[in-house]
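Here is a briefing on a protein–DNA model. Keep the structure open as you read.

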There are 2 protein chains.
Amino acid sequence: MDEPNKTDLDEETLFLVSQTFKALSDPTRIRILNLLFEREYSVNQIAEQLHLRQSTVSHQLRFLKNLRLVKFRREGTTIYYSHDDEHVLNVLHETIQHALHQ
Amino acid sequence: MDEPNKTDLDEETLFLVSQTFKALSDPTRIRILNLLFEREYSVNQIAEQLHLRQSTVSHQLRFLKNLRLVKFRREGTTIYYSHDDEHVLNVLHETIQHALHQ
DNA sequence: TGTGTATATGATTATGTGTTCATATATATC
DNA sequence: GATATATATGAACACATAATCATATACACA
């Protein structure tokens with residue numbers, strides 16, 4: 001009962017897993033998430049730090065927000081983004097460390 | 001000395017990490033790798049089991065082979081594929097389990 | 001209400017990706 | 001060598017994706 005359908009996966013699981021990894025498959029999104037390991041950042045701070053356009057950052061944050069990989073809080077006109085998924089971000093962190101030390 | 005450059009990643013690491021996750025971001029590749037958790041399979045066996053064209057499977061296996069996520073052995077004209085990367089495949093397995101039990 | 005600043009969004013464009021068909025290559029057997 | 005079977009490859013196509021520009025929205029404050 002723990003692992004239904006050993007030889008193939010149902011469509012919902014497949015979609016969820018592929019979407020999760022797709023989020024982590026783009027260099028820009030990886031850089032953003034890696035930056036957020038440290039602390040929360042505003043959209044403009046991310047753009048400055050990583051030398052990206054504001055709209056690029058905003059588009060990617062929307063992507064990550066939709067997948068609930070980041071959350072945000074508002075302070076005046078500034079919006080601060082931070083992490084929001086233990087499992088996925090552990091996976092990313094481990095894989096980055098694995099790559100750094102390979 | 002363990003984590004150089006806290007706020008941004010070097011290009012090589014970024015490429016390796018993004019490629020790794022790209023491999024896991026396609027439903028067909030996930031299905032193939034998930035199948036190979038069980039045991040080794042030939043190209044045609046994979047195609048039959050997952051209802052995919054032989055050429056589709058072959059193309060995707062080449063992709064996975066280039067990233068050293070699968071290895072193969074020949075037996076006559078048949079080529080059997082199996083897993084070849086502990087870390088990445090653990091990551092995949094964990095994430096599938098996480099999705100299945102969410 | 002008007003101005004300034006931060007962020008979000010829509011359209012466009014260039015590039016990347018996955019599947020398919022047709023065919024090539026490789027091995028085994030007659 | 002000819003044939004059969006298993007796998008690999010190349011080209012073409014449809015579709016997805018990321019970055020960019022221009023502009024819209026949201027909020028703060030005079």
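Contact here means heavy atoms within 4.5 Å. The model is predicted. By that cut-off, and leaving aside its neighbours within four places in sequence, A:Ser18 is in contact with B:Leu24, B:Ser25, B:Pro27 and B:Ile30. The points below cover that serine, the pairing of the two chains, and DNA strand C.

**A:Ser18**

- A:Ser18 belongs to helix H1 of chain A, which spans residues 11-23.
- Is A:Ser18 buried or exposed? Its relative accessibility is 3%. Buried means under 20%, so A:Ser18 counts as buried.
- A polar atom of the A:Ser18 side chain lies 3.0 Å from the backbone oxygen of A:Phe15.
- Across the chain boundary, the contacts of A:Ser18 include B:Leu24 and B:Ile30.

**How the two chains pair**

- Chain B superposes on chain A after a rotation of 180 degrees, with 0.0 Å of shift along the axis. The RMSD is 0.0 Å.
- The two copies are thus related as by a two-fold rotation axis.
- Which C-alpha of chain B is nearest the axis? That of B:Phe21, at 2.7 Å from the axis.
- Of the interface residues of chain B, 100% are also interface residues in chain A, so the copies meet through the same surface.

**DNA strand C: who comes nearest**

- There are 24 residues around DNA strand C. Those that come nearest are A:Tyr81, B:Thr28, B:Arg29, B:Arg53 and B:Gln60.
- Of the atoms of DNA strand C that come within 4 Å of the protein, 68% belong to sugar and phosphate.
- The residues of this surface divide into 15 polar, six charged and three nonpolar.

**DNA strand C: polar pairs and elements**

- A:Tyr81 has a side-chain N or O atom 2.6 Å from a phosphate oxygen of DNA strand C.
- A:Asn44 uses its backbone: an N or O atom there lies 3.0 Å from a phosphate oxygen of DNA strand C.
- A:Gln54 faces a base instead. A polar atom of the A:Gln54 side chain lies 2.9 Å from a base nitrogen of DNA strand C.
- In chain A, the elements that give two or more residues to the surface near DNA strand C are helix H3 (43-50), helix H4 (54-66) and strand S3 (78-83).
- In chain B, they are helix H2 (27-36) and helix H4 (54-66).
- Which element gives the largest share of this surface near DNA strand C? H4(A) does, with five residues.

Notes: Residues are numbered from 1 along each chain as its sequence is written. Chains are lettered from A and ligands numbered from 1 in the order in which they are written. This is a predicted model: local features need pLDDT of at least 70, side-chain atom pairs count only at pLDDT 80 or more; totals for chains, interfaces and linings use all residues. Side-chain values use heavy atoms; hydrogens and water are left out. Helices (H or I, at least four residues) and strands (E, at least two) are DSSP runs, numbered from the N terminus. Buried means under 20% relative accessible area, exposed over 50%, partly exposed in between (1.4 Å probe, protein chains only). A polar contact is a pair of N or O atoms within 3.5 Å; within protein, one must be able to donate a hydrogen and the other to accept it, and residues adjacent in sequence count only if both atoms are side-chain atoms. A residue is near a molecule or strand if one of its heavy atoms lies within 4 Å of it. Ala, Val, Leu, Ile, Met, Phe, Trp, Tyr, Cys and Pro count as nonpolar, Asp, Glu, Lys and Arg as charged, and the others, Gly among them, as polar. Copies are superposed by least squares on the C-alpha atoms of residues with pLDDT of at least 70 in both.
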